[in-house]
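Work through the exercises below with the sequence and the coordinates at hand. Each task is followed by its solution in steps.

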Amino acid sequence: MAEPSRLRPEDRADFEAVPHPALSTADIRGALGADPTGRAATHLRAHALAHADDITAAAGEPYRAWLAVQRATRHEARGPLGAGGPLPALAVLTPLVAATSAGALLLLGGLLQVTDVPGPLPGSLLAAGWTLALVAAVTGLLVLAAVLRTALGRRGAPTAGRVQHARPAWRQALLDFGVLPHLRRRHLATHPEAAMTPCSPPDTLAPCPARAGKDRTPCSD
């Protein structure tokens, strides 16, 4: 698939939730501690939201995985005959209407034959009834084949577990590789005298504490 260059509107809420834990990391919180008004933190958050596309690109691979899971989930939810449009409804209704019409014609033709009604009408009704019965059988088999094909295809479709894994993985990568580096660069650009210790939180949106020491070594997994 093409690499996403922009954050999709439906994922905006997930993105907006990430700056809060990023601003709560020990190094950024300590760097912002000199501003008791909280305006610096508000400015950093607003700047991150304004550059959502650039930050999302930094976590491109997990975001592409999340988009792929979303697309596969929507495809699975459409069902065996697709969603919307007249064709799925027609495919389902055709065998039902044909079977009902066939039953009515066969019944009427049989009654006319039993009562010895003269003329070709009873035979014509019976012939039409059997034709519609054949149409109902063929279209019913086609619908059944479509259902079975979709059921077999769902073996490779994403499960709820994959959805639950892909979304947090993207948000974690967004925090580690997008929002945190962006906030640190932005803060140092506006306050070059400030220093922040990088601290990458593994597998969770909760920030890891900065390790004490003179060397200010970044946290490691």
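**Exercise 1. Place Asp116 in the chain and state whether it is buried or exposed.**

Start with the position. Asp116 sits in the loop between H7 and helix H8 (121–153). This is a predicted model, so the next check is the local geometry. Phi of Asp116 is near 55°. That value is positive, and the residue is not glycine. Now take the accessibility. Asp116 has 64% relative accessibility, and the cut-off for exposed is over 50%, so Asp116 counts as exposed.

**Exercise 2. Describe the overall fold from the secondary structure and the contacts.**

Count the elements. The protein chain has nine helices and zero strands. Along the sequence the pattern reads α-α-α-α-α-α-α-α-α. Next, look at contact range. Among contacts with a separation of 6 or more, 68% join residues 24 or more positions apart. Then consider burial. Of the 221 residues, 31% count as buried. Finish with the surface. The accessible surface comes to about 13,300 Å², and 65% of it belongs to carbon and sulfur atoms.

**Exercise 3. Find which residues touch the most other members of the largest nonpolar core, and which helix gives the most to this core.**

Begin with a general expectation. In soluble globular proteins, nonpolar side chains tend to be buried together. Here the largest nonpolar core holds 26 residues. Phe15, Leu174, Val179 and Leu183 touch the most other members. Then trace the suppliers. At least two residues each come from helix H2 (19–23), helix H4 (39–50), helix H5 (52–58), helix H6 (60–77) and helix H9 (160–190). H9 gives the most, with eight residues. Now zoom in on Val179. Set aside its neighbours within four places in sequence. Val179 is then in contact with Val18, Pro19, Ala22, Ile55 and Leu174.

**Exercise 4. For the polar residues Gln172 and Asp176, decide whether each is buried or exposed.**

Locate both. Gln172 is found in helix H9, and Asp176 is also found in helix H9. Apply the cut-off: buried means under 20% relative accessible area. Gln172 is at 8%, so it counts as buried. Asp176 is at 14%, so it counts as buried too. Then check the C-alpha distances. Gln172 and Ala59 are 113 residues apart in sequence and 9.1 Å apart in space. Asp176 and Ala58 are 118 residues apart in sequence and 9.4 Å apart in space.

**Exercise 5. Identify the residues of the nonpolar surface patch and classify Val92.**

List the members. Val92, Leu93, Leu96 and Val97 form a nonpolar patch on the surface. Together they have about 350 Å² of accessible area. Place Val92 next. Val92 is found in helix H7 (residues 86–114). Its relative accessibility is 39%, so Val92 counts as partly exposed.

**Exercise 6. Which stretches have a pLDDT below 50, and how many contacts does the model give them?**

Take the averages as a baseline. The protein chain averages a pLDDT of 77, and 72% of the residues score at least 70. Compare the elements. H6 has the lowest mean pLDDT, 82, and helix H1 (residues 12–17) the highest, 91. Now go to the weak stretches. Residues 194–204 stay under 50, and the model has 44 contacts for them beyond four places in sequence. Residues 206–221 are also below 50. That stretch has 30 contacts beyond near neighbours in sequence.

Key. Residues numbered from 1 in each chain as written. Predicted model: local features only at pLDDT ≥ 70, side-chain atom pairs only at ≥ 80, totals over all residues. Heavy atoms only, no water. Helix = DSSP H or I, 4+ residues; strand = E, 2+ residues; numbered from the N terminus. Buried < 20%, exposed > 50% of the residue type's maximum accessible area, 1.4 Å probe, protein only. Contact = heavy atoms within 4.5 Å. Areas by Shrake-Rupley, 256 points an atom, 1.4 Å probe, with all protein chains shown as cover. Core = buried A, V, L, I, M, F, W, Y, C linked by side-chain atoms within 4.5 Å. pLDDT = per-residue confidence, 0-100. Patch = residues over 30% accessible without salt bridge, like charges linked within 9 Å, V, L, I, M, F, W, Y side chains within 5 Å. Salt bridge = Lys/Arg side-chain N within 4 Å of Asp/Glu carboxyl O.
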